[in-house]
Amino acid sequence: MEMRHEAGGVVVSGRAGSLRVGPDDEVGLKLLMLLEGECDSDSPGEVARRYGYCKQRYYQLLARYRQQGTAALSSRKRGPKTNYRRGG
């Protein structure tokens, strides 16, 4: 299997064909990053930079993926968990 980075995303090619993962597919790109980092000869830090992340974020995503699978790769909602209103 070969992964090729292009302006329109990442193309994964094999003996039977290829599959493109677009730049807006956040979960798909994170999964490809983890696959490339764990299965390729490049260091996880190099792979993370290729996808726009730092090495620390790579390992955070890897740990979450190992615990929860691909569902853990979607972005979490930021900010307060409840609507806070100040009384007064």
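# Values against cut-offs

Student: Why is tyrosine 59 called partly exposed?

Tutor: The relative accessible area of tyrosine 59 is 40%. Buried means under 20%, exposed over 50%, and partly exposed in between (1.4 Å probe, protein chains only), so tyrosine 59 counts as partly exposed. Some ground rules: this is a predicted model, in which local features need pLDDT of at least 70, side-chain atom pairs count only at pLDDT 80 or more, and totals for chains, interfaces and linings use all residues. Residues are numbered from 1 along each chain as its sequence is written, while side-chain values use heavy atoms and leave out hydrogens and water.

Student: Is tyrosine 58 buried or exposed?

Tutor: Tyrosine 58 has a relative accessible area of 0%, so it is buried. Along with Leu61, Leu62 and Arg64, Tyr58 is one of the buried residues of H3. H1 and H2 are among the elements that cover those residues.

Student: What makes tyrosine 58 and tyrosine 59 an aromatic pair, and of which kind?

Tutor: Rings of Phe, Tyr and Trp (its six-membered ring) pair if their centres lie within 6.5 Å; planes under 30 degrees apart are stacked, over 60 edge-to-face, and the rest tilted. Here the centres are 5.2 Å apart and the planes meet at 90°, giving an edge-to-face pair. The structure holds 1 aromatic pair.

Student: How do you know that lysine 30 is buried?

Tutor: Its relative accessibility is 3%, so lysine 30 counts as buried. Lysine 30 sits in helix H1, residues 26–39 (helices are DSSP runs of H or I, at least four residues; strands are runs of E, at least two; both are numbered from the N terminus). Beyond its neighbours within four places in sequence, lysine 30 is in contact (heavy atoms within 4.5 Å) with Tyr53, Arg57, Leu61, Leu73 and Ser75.

Student: What makes the link between lysine 30 and glutamate 26 a polar contact?

Tutor: Their side chains come to 3.0 Å in this contact. The definition asks for a pair of N or O atoms within 3.5 Å; within protein, one must be able to donate a hydrogen and the other to accept it, and residues adjacent in sequence count only if both atoms are side-chain atoms.

Student: Does glutamate 36 count as buried or exposed?

Tutor: Glutamate 36, also in helix H1, has 5% relative accessibility and so counts as buried. Leaving aside neighbours within four places in sequence, its contacts are Met3, His5, Val47, Arg50 and Tyr51.

Student: Which element gives the most to the largest nonpolar core?

Tutor: That core (buried Ala, Val, Leu, Ile, Met, Phe, Trp, Tyr and Cys residues joined through side-chain atoms within 4.5 Å) has 15 residues, and Met33 and Tyr58 are among those that touch the most other members. H1 gives the most, with 4 residues. Methionine 33 is in contact with residues including Val47, Tyr51 and Tyr58.

Student: How do you know that the span of H3 agrees with what is expected?

Tutor: The expected span is 1.5 Å times one less than the number of residues. For the 14 residues of H3 this gives 20 Å, and the end C-alpha atoms are 20 Å apart, so the two agree. Just after H3, glycine 69 takes a positive phi of about 80°.

Student: What joins S2 to strand S3?

Tutor: S2 and S3 (residues 17–21) run antiparallel and share 5 bridges. Strands pair when DSSP finds at least two bridges, so S2 and S3 qualify with 5. One bridge matches valine 11 with arginine 20 in S3, and a hairpin of 2 residues joins the strands.
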